[in-house]
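Okay, thanks for squeezing me in. I'll put the sequence and the structure up, and then I'll talk you through what I'd look at.

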Amino acid sequence: MMLEWNDELQWLSSKLKGKSLIVHILKLAWGAFVYFVWEERNKRLFRNVSRTVESILCCIKEIICIRTRNRVIRMDDVNRIICTSWGFS
């Protein structure tokens with residue numbers, strides 16, 4: 001069964017609550033995902049150009065890194081792993 005767009009948004013808003021680093025990253029990732037899918041659609045339709053999935057994912061990761069870099073982070077084990085693996089430190 002395919003979920004409707006409103007179901008997806010409702011699930012997202014119910015799950016992404018709080019101020020933890022992972023919630024912050026997931027919110028940024030969702031926003032960036034929606035933006036880059038829209039942008040990619042427009043580039044393909046109006047300019048006849050496209051990017052690879054890897055390129056789009058790299059853009060999403062870069063946005064998340066930039067927007068998270070100056071955030072005050074409580075350094076528990078989970079946050080330390082996230083910061084190290086994504087290069088936030």
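**Starting from a phenylalanine**

So, let's begin with F36, which is buried, at a relative accessible area of 9%. Before I go further, bear in mind that this is a predicted model.

Who does F36 pair with? Its partner is Y35, and the pair is edge-to-face, with 5.1 Å centre to centre and 80° between the planes. Y35 itself counts as partly exposed, since its relative accessibility is 39%. Y35 also pairs with W38, and that pair is tilted: the centres are 5.7 Å apart, with 50° between the planes. Those two, Y35 and W38, are three residues apart in helix α2, so about one helical turn separates them. W38 is partly exposed as well, with a relative accessible area of 48%. Put Y35, F36 and W38 together and you have one aromatic cluster. In total, the structure holds three aromatic pairs.

Now, the core. As a general point, nonpolar side chains in soluble globular proteins tend to be buried together. Here, the largest nonpolar core has 10 residues: L21, I25, L28, A32, F36, I56, I60, I64, I82 and C83. You'll notice F36 is one of them. Which elements give two or more residues to this core? Those are α2, residues 21-47, α3, residues 53-69, and α4, residues 77-86. The largest share is that of α2, with five residues.

While we're on α2, have a look at V23, which is in that helix too. V23 is buried, with a relative accessible area of 9%. Leaving aside residues up to four places away in sequence, V23 touches L16, K17 and G18.

Moving along the chain, the loop between α2 and α3 is where you find N48. I'd flag N48 for its backbone: phi is near 60°, a positive value in a residue other than glycine. N48 is exposed, at a relative accessible area of 70%.

Next up is α3. This helix has 17 residues and spans 24 Å from its first C-alpha to its last, close to the 24 Å expected at 1.5 Å a residue. Which residues of α3 are buried? They are I56, I60, I64, C65 and T68. Those buried residues of α3 pack against α2 and α4.

Somebody usually asks about cysteines, so here goes. How many disulfides does a search of the whole structure find? Zero. Take C58: the closest cysteine sulfur is in C59, 6.0 Å from the sulfur of C58, and that's too far for a bond. C58 is partly exposed, by the way, at 48% relative accessibility. C65 is in no disulfide either; its nearest cysteine sulfur belongs to C58 and is 9.2 Å away. C65 is buried, with a relative accessible area of 10%.

On to α4. Its buried residues are N79, I82 and C83. Why do they sit on the same side of α4? Because they cover an arc of only 95° around the axis. Turn to the face of α4 that points away from this buried side, and you get the exposed residues D77, I81 and T84. As for what covers the buried residues of α4, that includes α2. Just after α4 comes G87, which takes a positive phi of about 75°.

One last stop, back at α1, residues 5-15, where S14 lies. S14 counts as partly exposed, with 41% relative accessibility. And if you want a distance to keep in your head, the C-alpha atoms of S14 and V53 are 28 Å apart, while the two residues are 39 residues apart along the chain.

So, to go back over it: the largest nonpolar core draws two or more residues from each of α2, α3 and α4, with the largest share from α2. F36 belongs to that core, and F36 is also in the aromatic cluster with Y35 and W38. C83 is another member of the core, and it is among the buried residues of α4. And remember, this is a predicted model.

That's my tour. Happy to go back to any part of it.

Definitions and conventions
Residues numbered from 1 in each chain as written. Heavy atoms only, no water. Core = buried A, V, L, I, M, F, W, Y, C linked by side-chain atoms within 4.5 Å. Buried < 20%, exposed > 50% of the residue type's maximum accessible area, 1.4 Å probe, protein only. Helix = DSSP H or I, 4+ residues; strand = E, 2+ residues; numbered from the N terminus. Expected span 1.5 Å × (residues − 1). Contact = heavy atoms within 4.5 Å. Arc of directions from axis to C-beta. Phe/Tyr/Trp six-rings, centres within 6.5 Å; stacked < 30°, edge-to-face > 60°. Disulfide = S-S within 2.5 Å.
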